[in-house]
Amino acid sequence: MANVAIRDVIKRYGSVQVMHGVDVDIEDGEFVVLVGPSGCGKSTLLRMIAGLEAISGGEIRIGDRLVNDVPPKERDIAMVFQSYALYPHKTVAENIGFPLKMAKRPKAEIAEKVNYAADILDLTKYLDRYPKALSGGQRQRVAMGRAIVRDPQVFLFDEPLSNLDAKLRVTMRVEIKELHQRLGTTIVYVTHDQIEAMTMADKIVVMRDGRVEQIGAPLDLYDDPRNVFVAGFIGSPSMNFIHGTIAGGTQGRVFRSHEGLELPLPPTAAVEGQEVTYGIRPEHISVGEGGIPVKVVVVEPTGSETQVFARSGKNLIDAIVKERIRARPGEEIGFRIDAADVRLFDRKTEQRI
Amino acid sequence: MQSNKLGWFLLAPTLVVLFFFGVIPFFYVVWLAFHQWNPFAVNPEIVFNGAANFRQLVFDQGFLASLGVTIAFVFFAVTTELIIGYALAQAFMRDFPGKAFFRTIHTLPLIMAPIIVGSIWKLMTTPSIGIIPQFLDNWFGYDLNIGQSALAAFTVTVIMDVWHWTPLVTLTMIAALVSLPPDPFEQAQIDGANKRQIFWHITLPMIRPAILATVFIRLMDALRTVDEVLMLTGGGPGSATRYLGVHIFKEVFPKTNYGYGSAVSVIVLYLTIVVCWLLFVALIAPRNKKG
Ligand SMILES: Nc1ncnc2c1ncn2[C@@H]1O[C@H](COP(=O)(O)OP(=O)(O)OP(=O)(O)O)[C@@H](O)[C@H]1O
Ligand SMILES: [Mg+2]
């Protein structure tokens, strides 16, 4: 068990710089989730922590030891690759037991741990198979198994559940959480899945284009996104954004979109006439009398809730409500917004105001 | 139907050539193996003599000795070629200045005809004029004389074969190594394997098919080595380097014993098949069955 400190890390491939000074502090025993759009550098960062990729600048420490030049096998980390990286010539059992065999553990102990992992991962039936005879999800589970038989300083997971079906994904999510609680080992986890990120993380790191946009607890990021990118990336479905300016109305200041739509404002430091982006989450909009008039485009009931896409001028606004709505496309309804739920961003810098 | 006809039409030239130069000679040799034929003798008829050639072969001290030295020769030559070939391939996987140049010139022996290789090595190893005995004498006071020492002659033929054919092994090993996926190697480092463990547990098993194919090719080639050795030692001293190919050559051409030579050829072919089959069964088949 150890903390991981990533300080001003830079990565260049030849003349292309893909990592521009990343700073992340991971506490001992913390579950940290890296999120960000495809190609933002999540895998690269993970590989640098693992030692598979040399870092071009900055430093990485694992448990106070500077590991910039320490080879992977001496870093005592377990990793699940995005591509599974199974040993094609070894059976499932041999794959899972490989790290133990390399550590020269006794045969009985290896067998026991392999069986235990296979049991958790529902792989017992496949222990004698070769990877080529497994489905994508089964391969992914073998890769997981190879990590969880170990007791490393840090676990690194690169989208370990991306190929599993919904049910198995939930099981595995719980399994990983439980593993984390039982061992208390530091985990760095990459995912595209909002729910995984929100439910598993102690701390989420949002990345974009080789930079860290914001670091924080899941709900902090949800409630207090620092900029438009984080606001749009965290939360599903994503936040509605409307461009406009701050205007002085008869009952105090309001937000006025370019098409003249007026929306309520929270207390804000924004000055009159400032170009802003107005953000409101779909789940913070309710439908009712006296709201902002909008025209329904699509209504999508999922049973537990209803998603309504509606148009006001050019802006398409997305709302999620608990009640069932029987509006037809084209019909006019009212969207109600509580000013306290609104997040304002500067139009140019995209930073929160 | 039409494309089928066209297929046969296009294949026909190859099949005809194969038939006349491959199939007919093969059966002809098998047929000859059961006959006595000495075309340059007073009585040049081909006479059926049943299994007499094979009976003679089993009791032929010359043949048995030849078989023994051939096995030793093939074993040492092919093993050494594999080890050096793999090491060179690993070296060529790294980047160093002049890599392309060295990789090219190291394959030069491959394009030389065996008879030339034999001649060059004869020139280099002949006592009193060869460069090798000269240096061995100057540096180590060792007197290399492949005309007299059986061990020296044997060793030199092995070294010559290694010199000639290692580049082939290097090339196939390079081809195998560059086609390996990088992931398992990275994973193995993460899993705590050191260099030696990675070699034994990951690299070797993953290039095993390529190694086996190379061994098959080299085995078959080495088993029928003739011209290089004939040129270098003539099979001597005594019968120290009288490998099967040389043995057959000497039976067939100087002694003009075509029937007996054919019988030995058939046995060599049979041996080659058996050895390759054994290797296959021992090393490839079990894995396929499990998978
Ligand atoms: N060997 C390389 N040479 C040049 N650029 C590279 C190399 N490897 C990765 N990159 C670039 O680095 C960036 C980050 O890649 P990385 O694999 O870390 O993305 P990611 O965030 O894991 O994406 P995904 O979610 O799709 O897995 C990408 O823009 C990629 O094109
Ligand atoms: Mg990735």
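This section describes the surroundings of ligand 1 and of the magnesium ion. The model is predicted.

The shell around ligand 1 draws on chain A. Y13(A), V18(A) and S38(A) belong to this shell, followed in sequence by G39(A), C40(A), G41(A), K42(A), S43(A) and T44(A). Q82(A), E159(A) and H192(A) complete the list. By class, seven of these residues are polar, three are nonpolar and two are charged. Helix α1 of chain A, spanning residues 42–50, gives the most to the shell, with three residues.

Polar contacts to ligand 1 involve both side chains and backbone. A polar backbone atom of G41(A) lies 2.9 Å from an oxygen atom of ligand 1. An N or O atom in the side chain of Q82(A) is 3.0 Å from an oxygen atom of the ligand. A nitrogen atom of ligand 1 is 3.4 Å from a polar side-chain atom of Y13(A). Taken alone, ligand 1 exposes 630 Å², and the protein buries 60% of that.

The magnesium ion is ligand 2. Its coordinating atoms are OG of S43(A) and OE1 of Q82(A), at 1.9 to 2.3 Å. This pair links distant parts of the chain, 39 residues apart. S43(A) sits in helix α1 of chain A. Q82(A) sits in the loop between β6 (77–80) and α2 (92–102) of chain A. Both S43(A) and Q82(A) also appear in the shell around ligand 1.

Accessibility was computed for the two coordinating residues. S43(A) has 22% relative accessibility, so S43(A) counts as partly exposed. Q82(A) counts as partly exposed because its relative accessibility is 39%. The bounds for this class are 20% and 50%.

Conventions: Residues are numbered from 1 along each chain as its sequence is written. Chains are lettered from A and ligands numbered from 1 in the order in which they are written. This is a predicted model: local features need pLDDT of at least 70, side-chain atom pairs count only at pLDDT 80 or more; totals for chains, interfaces and linings use all residues. Side-chain values use heavy atoms; hydrogens and water are left out. A residue is near a molecule or strand if one of its heavy atoms lies within 4 Å of it. A polar contact is a pair of N or O atoms within 3.5 Å; within protein, one must be able to donate a hydrogen and the other to accept it, and residues adjacent in sequence count only if both atoms are side-chain atoms. Accessible areas come from the Shrake-Rupley method with a 1.4 Å probe; for residues, only the protein chains shown count as cover. Helices (H or I, at least four residues) and strands (E, at least two) are DSSP runs, numbered from the N terminus. Ala, Val, Leu, Ile, Met, Phe, Trp, Tyr, Cys and Pro count as nonpolar, Asp, Glu, Lys and Arg as charged, and the others, Gly among them, as polar. Donors are N, O and S atoms within 2.8 Å of the metal (3.2 Å for Na, K and Ca); water is not among the atoms, so sites may look incomplete. Buried means under 20% relative accessible area, exposed over 50%, partly exposed in between (1.4 Å probe, protein chains only).
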